[in-house]
Amino acid sequence: MNQQNLIIPFLVVCTLIINSCAKDASYQDPCTDNSLIRSVKSGEIDNQQLTYNANCQVNEYIQEFMYKKYSYNDQNQLKKVEIVVSTNPASCFMQPGATGEVFTDPRKAKPGQNYTFEYNASGNLIKKSVFFLRDGTMQLTSYQTYEFQNNLISAIRIFNTQDKLMQKYVYTYENGNVSQEKYYSVENGTTEKLLSSHSYEYDDRLNPYKVLVSEGQPGIFTNDNNILSDTVKYYHNAEVNEYVTNYTYEYNAAGFPNKVNNMNYIYGN
């Protein structure tokens, strides 16, 4: 899914050195639900890791060069996501003993970006604000609002700090999954121009990434099932370019994927 395209990433260099930026003894995962995804590996290398709090909500999400820290309000709603991004291509996920290894600890680095979340009286997400670190302080750079249909996000509108509509995402669903996503740029706050679309096909098994549904990012984080095929079209004037990506899966006894193409999914502590 393409929510990462909403904002051009503001990259923050992580420079603090420790043994690894993967999960270590500095954080103990208190969640005892062993059905939850903990890591994604390519061979012996961790490409992603997730840790959970005592309520089995995501506490940390570590990807190559990116670290996210999650915090929640008194109603256990996602309140804030803090983000650190490293520009060092040798950091974070090189394995011990590798030539030229450099390790950084994202837990100790200063976040360069964060998201904050607001809800209505019914508990529905209504606004996500995006902040970047500039001149030593977090400054609002954009925000997005949500529309729902049948309790699913049907549209996201993205505004600049002057409340001008800049971008729009529209979603359609089938069987609890995003069947199509359309992305528009908006000129002068009113004129919509279709830039890309995604069409998806799914399996009938459980999606482990639904643990991240609270981020309000329709697609892989909200789908009930796993994507088998992603057909993307890019529109430029009268030209349309189409690309197809296919995924193959192996599953565990609980119905979750334990292998996706050449990636291994690991569950439990």
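Two strands count as paired if DSSP finds at least two bridges between them. With that settled, I opened the model, which is a predicted one, and began at strand 1.

**Entry 1: strands 1 to 3**

I looked up how strand 1 (residues 37-42) meets strand 2, and found an antiparallel pairing over 4 bridges. Across that pairing, S42 faces I45 of strand 2. The two strands make a hairpin with 2 residues between them, and G43 in the turn has a positive phi of about 65°.

Next I followed strand 2 onward to strand 3 (residues 58-63). This pairing is antiparallel too, over 5 bridges, and Q49 stands opposite I62 in strand 3. Here the hairpin has 5 residues between its strands, with C56 in the turn at a positive phi of about 60°.

How many residues of strand 2 are buried? I found 7 of the 8 in residues 45-52, so strand 2 is largely enclosed by the rest of the structure.

**Entry 2: positive phi in two loops**

I keep a rule of thumb at hand: most residues other than glycine have a negative phi. That made me check two loop residues.

D135 is not a glycine, yet has a positive phi of about 55°. I located D135 in the loop between strand 7 (125-134) and strand 8 (137-149). Is D135 buried or exposed? Its relative accessible area is 77%, and the cut-off for exposed is over 50%, so D135 is exposed.

N237 also has a positive phi, near 55°, and is a residue other than glycine. I placed N237 in the loop between strand 13 (227-236) and strand 14 (239-246). At 66% relative accessibility, N237 counts as exposed.

**Entry 3: pockets**

I then turned to the open spaces. The largest pocket has a volume of about 600 Å³. Which residues lie nearest its centre? Of the 24 that line the largest pocket, they are Q48, Y209, I220, Y247 and Y265. Strand 3, strand 13 and strand 17 (263-267) are the elements that give two or more residues to this lining. Sorting the lining by class, I noted 13 nonpolar, 9 polar and 2 charged residues.

The second largest pocket has a volume of about 350 Å³. Its lining holds 17 residues, and F148, N151, I153, V213 and T222 are the closest to its centre. By class, I wrote down 8 nonpolar, 7 polar and 2 charged residues for the second largest pocket.

Methods:
Residues numbered from 1 in each chain as written. Predicted model: local features only at pLDDT ≥ 70, side-chain atom pairs only at ≥ 80, totals over all residues. Heavy atoms only, no water. Buried < 20%, exposed > 50% of the residue type's maximum accessible area, 1.4 Å probe, protein only. 1 Å grid on protein atoms, 1.4 Å probe; cavity = no way out; pocket = protein on both sides within 12 Å on 5 of 7 lines; lining within 4 Å. Points joined across faces, edges and corners; volume = space filled by probe spheres on them. Nonpolar A, V, L, I, M, F, W, Y, C, P; charged D, E, K, R; others polar.
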